[in-house]
Amino acid sequence: MQHGLVTTIIPVFNRARMLREAVASVLAQTYRPIEIIIIDDGSTDDTVATADGLAREFPDEIRVIHQKNAGVGPAREAGRNAARGEFIQHLDSDDLLEPRKFEWMVGALRAHPESGAAYGWTRAHLPDGSLNEKPEKGTGQRVETMFPAMLKSRFWQTATPLYRASLVHAAGPWLALWNEEDWEYDARIAALGVRLEYIEDWVCVQRHHPEDRLSSRGMEPLVLRDRATAHALILQHAQRAGISPETPEMQHYARELFLLARQCGSRGLAAESRMLFNLSRDASGAQRNRGQFLAYAALARVTGWSGAGKISQFIDRVRP
């Protein structure tokens with residue numbers, strides 16, 4: 001580990017133009033020293049040549065790892081294993097960093113050694129080219145710890161936080177999931193009791209665009225299966241952190257589990273549906289025997305878990 005170094009990990013698959021722009025936003029940082037690790041996840045277009053060209057142009061700051069297509073989780077894990085920095089920045093290949101992000105965040109973490117991560121405002125770049133002037137998700141709000149807020153939603157984007165590398169390595173390896181691997185990883189870090197520093201300014205940009213994004217395929221059966229795994233693990237992390245079933249955030253997450261159970265059932269994933277339903281009841285605490293649970297369990301006994309999911313999804317569609 002090199003003192004003061006910020007490592008940016010960028011997984012990429014078939015996205016050459018946006019990769020150049022993402023890398024440029026890191027090179028434009030007012031802070032030094034930095035290193036950039038590009039993980040080419042089996043690209044089949046000119047992304048390979050683009051990544052290698054960037055490494056030749058900036059040999060002191062950019063390294064490239066080529067691997068067979070395995071998904072964003074294994075790609076980020078390859079970057080984690082290669083990282084030499086004291087701080088870790090994750091950046092999707094279609095997003096951007098604001099120029100003073102590292103300067104502000106490293107300064108905040110230096111001033112507060114008890115904190116493990118820093119975050120700030122995330123701006124949305126809309127498909128029409130305009131910028132949203134309201135911070136994305138929950139990045140316009142200050143929270144001191146990731147849990148229990150991380151149960152209500154993943155309140156930032158992948159590029160929003162800067163982590164101490166020691167915290168990332170304590171969390172361990174990224175999982176080979178195709179969706180919600182980032183939420184699961186953040187929840188795993190949250191279970192370590194990390195404290196946060198907050199920057200009241202724009203620190204990164206999430207670009208909304210028509211190109212394919214894994215996050216837009218969340219209802220495909222293979223992706224739903226990974227979402228079910230991620231949701232189950234997130235609950236485990238929260239329970240390990242001591243989050244009570246009676247907190248509003250855990251009650252919200254119990255409803256999230258129940259919704260995903262119905263979605264999995266409607267796509268034929270009966271085993272995942274049953275697992276998530278049972279986890280939802282467990283997470284509900286004193287509410288675990290409320291009528292909605294009892295009625296759905298009775299429906300599943302009659303129609304099966306897939307049938308119950310399809311019926312409930314149909315009711316949701318036709319309900320005013």
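A residue counts as buried under 20% relative accessible area, as exposed over 50%, and as partly exposed in between. Keep that handy for the exercises below, and remember that this is a predicted model.

**Exercise 1. Is V318 buried, partly exposed or exposed, and what surface feature does V318 help make?**

Step 1: Find V318 in helix α11, which covers residues 291-318.
Step 2: Take its relative accessible area, 52%. The cut-off for exposed is over 50%, so V318 is exposed.
Step 3: Look at its partners. Together with I311, F314 and I315, V318 makes a nonpolar surface patch of about 350 Å².

**Exercise 2. Work out what span helix α9 should have, and set that against the model.**

Step 1: Helix α9 runs over residues 248-266, which makes 19 residues.
Step 2: The expected span is 1.5 Å times one less than the number of residues, so α9 should span 27 Å.
Step 3: In the model the end C-alpha atoms of α9 are 27 Å apart, and that agrees.
Step 4: Now peek past the helix: G268 follows α9 and has a positive phi, near 85 degrees.

**Exercise 3. In what order do the strands of the open sheet come, and which are the edge strands?**

Step 1: Write down the order of the 8 strands: β3-β2-β1-β4-β7-β6-β8-β5, with mixed pairing.
Step 2: Pick out the strands that pair on one side only. These edge strands are β3 (62-67) and β5 (96-97).

**Exercise 4. Place strand β4 among its partners and say how many of its residues are buried.**

Step 1: Strand β1 (residues 2-12) pairs with β4 in the parallel sense, over 5 bridges. Here T7 stands opposite I88 of β4.
Step 2: β4 and β7 run antiparallel and are joined by 2 bridges. I88 turns up again, with Y163 as its bridge partner in β7.
Step 3: Follow Y163 onward: A117 stands opposite this residue of β7. Strands β6 (residues 117-125) and β7 (residues 162-164) pair in the antiparallel sense over 2 bridges.
Step 4: Count burial in β4 (residues 85-90). 6 of the 6 residues are buried, so the strand is largely enclosed by the rest of the structure.

**Exercise 5. Describe the surroundings of L96.**

Step 1: L96 lies in strand β5.
Step 2: Its relative accessibility is 21%, so L96 counts as partly exposed.
Step 3: Leaving out residues up to four places away in sequence, L96 touches E21, A22, S25, L91, C204, V205 and R207.
Step 4: Check V23 too: its C-alpha atom is 8.1 Å from that of L96, though the two are 73 residues apart along the chain.

How values were computed:
Residues numbered from 1 in each chain as written. Predicted model: local features only at pLDDT ≥ 70, side-chain atom pairs only at ≥ 80, totals over all residues. Heavy atoms only, no water. Patch = residues over 30% accessible without salt bridge, like charges linked within 9 Å, V, L, I, M, F, W, Y side chains within 5 Å. Areas by Shrake-Rupley, 256 points an atom, 1.4 Å probe, with all protein chains shown as cover. Salt bridge = Lys/Arg side-chain N within 4 Å of Asp/Glu carboxyl O. Helix = DSSP H or I, 4+ residues; strand = E, 2+ residues; numbered from the N terminus. Buried < 20%, exposed > 50% of the residue type's maximum accessible area, 1.4 Å probe, protein only. Pairing = 2+ DSSP bridges. Contact = heavy atoms within 4.5 Å.
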